[in-house]
Amino acid sequence: STTQTCRACSTGYTTVSAGSGPGSCVCAIGYGKDGSYCVACDGSYSDSESNLPCDQCHSDAIVNCVGNGDCNSSSVCECEAGYYGDGTYPAGCDKCPAGQYQDQQGQLTCKTCTGDLTTLAPSSYGSNQYCNKCAPGYKITGTDFYQNATTGQWIMKDICSPCDAGQFQDGISQTDCKECPAGTYSDSQAATACTPCGDNLT
């Protein structure tokens with residue numbers, strides 16, 4: 001009798017289970033269906049064995065694989081610096097919220113500006129050098145310029161002073177502080193809101 005042997009699937013193909021018959025080959029992990037063929041994902045990824053197209057990374061993501069079958073997990077989608085998220089489509093990458101930045105790629109959260117400076121609005125800033133606006137609790141007392149170490153761009157930066165006790169500021173990049181309304185107080189500098197007085201006090 002003739003000895004029967006198993007035949008290997010072509011490159012980019014595999015079978016899902018043992019004992020598979022003819023026509024059972026599907027696209028291997030790292031490959032996706034393009035027309036009638038399984039092709040290596042490139043600028044995309046596939047983390048399962050199927051006859052589906054490759055999954056897309058978000059447009060603001062960097063694809064961290066070569067495309068020879070190694071694009072085999074959603075982890076190859078990394079959001080660019082200035083964005084946060086898992087990098088996949090459509091969940092994707094979002095700009096850092098106001099007051100935050102991200103100077104590394106592939107991060108799920110953003111970093112918070114510290115001290116008396118913040119950012120004005122949600123942005124794709126990739127450096128804490130863009131934390132250049134007076135934060136709530138502070139007022140502008142002047143401006144300065146500095147050069148971005150990466151881009152060489154000159155950036156204007158607020159010079160800030162804290163609001164005095166009895167004052168507050170809840171806005172960003174403001175030129176003065178507000179007086180606490182009657183019936184409220186602030187007993188420390190850099191207050192962002194005033195505290196109501198207790199019962200029968202004013």
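## Exercises on a disulfide-rich chain

C79 is buried, with a relative accessible area of 0%. Keep this cysteine in mind, as we will come back to it below. One thing to know before you start: the model is predicted.

### Exercise 1: The overall form

Work out how the chain is built and how far it spreads in space.

**Solution.**
- Step 1. Begin with the secondary structure: the chain has 20 strands and zero helices.
- Step 2. Now compare two values. The radius of gyration is 28 Å, while the globule rule gives 17 Å for 202 residues. The value for the chain is well over that of the rule, so the chain is more spread out than a compact globule.
- Step 3. Look at the box that the C-alpha atoms fill: along the principal axes it is roughly 105 × 50 × 25 Å.
- Step 4. Turn to the surface. About 11,900 Å² is accessible, and carbon and sulfur atoms account for 46% of this. Of the 202 residues, 33% count as buried.

### Exercise 2: The partner of C79

Find the cysteine that pairs with C79, and describe the link.

**Solution.**
- Step 1. A disulfide is a pair of cysteine sulfur atoms within 2.5 Å. The sulfur atoms of C79 and C93 are 2.2 Å apart, and a disulfide joins these two residues.
- Step 2. Place both ends: C79 sits in strand β8 and C93 in strand β10 (residues 93-95). The two are 14 residues apart, and the pair links distant parts of the chain.
- Step 3. Check the turn about the S-S bond: at -95°, this link is left-handed.
- Step 4. Ask how covered the partner is. C93 has a relative accessible area of 6%, so it is buried.

### Exercise 3: A neighbour in strand β8

Strand β8 (residues 77-79) also holds E78. List what E78 touches, leaving out residues up to four places away in sequence.

**Solution.**
- Step 1. The contacts of E78 are D60, A61, I62, N64, Q105 and G106.
- Step 2. For a residue elsewhere in the chain, take S186: 108 residues separate it from E78 in sequence, and their C-alpha atoms are 44 Å apart.

### Exercise 4: Two further disulfides

The whole structure has ten disulfides. Describe the one that joins C27 to C38 and the one formed by C180 and C194.

**Solution.**
- Step 1. In the C27 and C38 pair, the S to S distance is 2.0 Å. C27 belongs to strand β2 (residues 26-27) and C38 to strand β4 (residues 37-40), eleven residues apart.
- Step 2. Both ends of this pair are covered: C27 is buried at 0% relative accessible area, and C38 is buried at 9%.
- Step 3. In the C180 and C194 pair, the sulfur atoms are 2.0 Å apart. The torsion about the S-S bond is about -80°, so this disulfide is left-handed.
- Step 4. C180 lies in the loop between β18 and β19, and C194 in the loop between β19 and β20, so the pair ties together parts 14 residues apart in sequence. C180 and C194 are both buried.
- Step 5. C197, by contrast, is in no disulfide: the nearest cysteine sulfur, that of C180, is 9.1 Å away. C197 is partly exposed, with 23% relative accessibility.

### Exercise 5: W154

Is W154 buried or exposed?

**Solution.**
- Step 1. Exposed means over 50% relative accessible area. W154 has 56%, so it counts as exposed.
- Step 2. W154 lies in strand β16 (residues 154-162).
- Step 3. Together with F145 and M156, W154 forms a nonpolar patch on the surface, with about 360 Å² of accessible area.

Definitions and conventions: Residues numbered from 1 in each chain as written. Predicted model: local features only at pLDDT ≥ 70, side-chain atom pairs only at ≥ 80, totals over all residues. Heavy atoms only, no water. Patch = residues over 30% accessible without salt bridge, like charges linked within 9 Å, V, L, I, M, F, W, Y side chains within 5 Å. Areas by Shrake-Rupley, 256 points an atom, 1.4 Å probe, with all protein chains shown as cover. Salt bridge = Lys/Arg side-chain N within 4 Å of Asp/Glu carboxyl O. Helix = DSSP H or I, 4+ residues; strand = E, 2+ residues; numbered from the N terminus. Buried < 20%, exposed > 50% of the residue type's maximum accessible area, 1.4 Å probe, protein only. Rg over C-alpha atoms; globule rule 2.2 N^0.38 Å. Contact = heavy atoms within 4.5 Å.
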